[in-house]
Amino acid sequence: MTYYESTGHLLLTPVDREAPARVLRLRELGLGERVDGELDAFARRVADELGAPYAGVNFISEERQFFAGLHHAPDAPASGYPARALPRDHGYCPHVVVRRRALVLEDVRDFARFAGNAVVDESGVRSYAGAPLTDRRGIVLGTVCAVDVVPRRWGLAGLATVKALAAELVELVHAREDLAARG
């Protein structure tokens with residue numbers, strides 16, 4: 001466990017024992033180090049399908065998160081979110097990666113473990129829906145996620161949608177990999 005220095009909040013960022021293998025796999029796939037227009041378009045679709053002002057395709061390394069795909073609705077409330085890169089202890093995607101399961105938080109402030117996270121204090125994030133991107137080798141590469149600055153009921157439909165979008169994106173990653181192998 002660590003404390004976030006500027007606020008003193010206790011953060012319960014999970015230990016990520018798979019990070020070294022993930023970093024190697026991301027390099028092999030050419031993901032997680034640069035902005036990707038196709039992934040930006042996918043993030044926009046995530047936002048549209050979930051009705052959220054912000055969405056991302058996030059790859060997690062040992063020290064940071066990188067949103068290779070990112071969408072910010074033009075009419076979204078002003079906040080410090082989103083950023084292309086964040087420390088690993090910011091936000092909720094690292095929890096999804098370590099848990100290897102989708103996570104839906106209707107109001108992050110309802111959960112002590114998540115309420116003190118820097119994205120709440122610095123960016124005003126109040127709700128989150130994310131699902132893991134698990135590749136064919138069983139490595140969780142990152143997440144597909146949507147966030148809002150107001151509490152919202154994602155419900156079972158939101159959970160199903162974010163999981164389906166994650167599965168679809170994994171198929172896109174596999175298709176890219178297969179194309180490169182033939183190439």
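1. Of the 183 residues in the protein chain, 52% are buried. Please keep in mind that this is a predicted model. Among contacts with a separation of 6 or more, 64% join residues 24 or more positions apart.

2. On the overall layout, the protein chain has six helices and eight strands. Their order along the sequence is β-β-α-α-β-β-β-α-β-α-α-β-β-α.

3. The sheet is a good place to start looking. Six strands make it up, in the order β5-β4-β3-β8-β7-β6, with antiparallel pairing, and the sheet is open. Its edges are β5 (85–87) and β6 (103–105), each of which pairs on one side only. From one strand to the next, the twist averages 20°.

4. At the β6 edge, the partner is β7 (residues 127–134), and the two strands pair in the antiparallel sense over three bridges. Within this pairing, Val104 stands opposite Ala129 of β7. As a general reminder, the strands of a sheet pair through backbone hydrogen bonds, either parallel or antiparallel.

5. Two helices deserve a look against this sheet. Helix α2 (residues 37–50) lies across β3 (54–60), β4 (64–72) and β8 (140–148), and runs at about 65° to β4. Helix α6 (residues 155–182) packs on the sheet too, touching β3, β6, β7 and β8, and its direction makes about 35° with that of β7.

6. I found α2 worth a closer check. Its 14 residues should span 20 Å at 1.5 Å a residue, and the end C-alpha atoms are 20 Å apart, so the expected and modelled values agree. Which residues of α2 are buried? They are Leu39, Asp40, Phe42, Ala43, Val46, Ala47 and Leu50. Viewed down the helix axis, these buried residues fall within an arc of 160°, and therefore line one face of α2. The general background is that an α-helix has 3.6 residues a turn, so residues three or four places apart point the same way.

7. What covers that buried face? The cover over the buried residues of α2 includes β3, β4, β8 and α6. On the face turned away from the buried side, α2 carries the exposed residues Gly37 and Asp48.

8. Both ends of α2 have something to show. At the N-terminal end, Asp36 acts as the cap, with a side-chain oxygen 2.9 Å from the backbone nitrogen of Glu38. After α2 comes Gly51, which has a positive phi, near 65°.

9. Is Arg25 buried or exposed? This residue of helix α1 (residues 19–29) has a relative accessibility of 2%, so Arg25 counts as buried, the cut-off being under 20%. Leaving aside residues up to four places away in sequence, Arg25 touches Asp135, Arg136, Arg137, Ile139, Leu141 and Glu177. Of these, Leu141 falls in β8 (140–148), and Glu177 falls in α6 (residues 155–182).

10. Asp110 makes a useful contrast. Asp110 sits in the loop between β6 and α4 (112–115). With a relative accessible area of 58%, Asp110 is over the 50% cut-off and so is exposed. Asp110 and Arg126 are 16 residues apart in sequence, and their C-alpha atoms are 9.6 Å apart in space.

Notes: Residues are numbered from 1 along each chain as its sequence is written. This is a predicted model: local features need pLDDT of at least 70, side-chain atom pairs count only at pLDDT 80 or more; totals for chains, interfaces and linings use all residues. Side-chain values use heavy atoms; hydrogens and water are left out. Two strands pair if DSSP finds at least two bridges between them. Helices (H or I, at least four residues) and strands (E, at least two) are DSSP runs, numbered from the N terminus. Axes are lines fitted to C-alpha atoms, for helices over the stretch in contact, and angles run from 0 to 180 degrees between N-to-C directions. Contact means heavy atoms within 4.5 Å. Buried means under 20% relative accessible area, exposed over 50%, partly exposed in between (1.4 Å probe, protein chains only). The expected span of a helix is 1.5 Å times one less than its number of residues. The arc is that of the directions from the helix axis to the C-beta atoms. A polar contact is a pair of N or O atoms within 3.5 Å; within protein, one must be able to donate a hydrogen and the other to accept it, and residues adjacent in sequence count only if both atoms are side-chain atoms.
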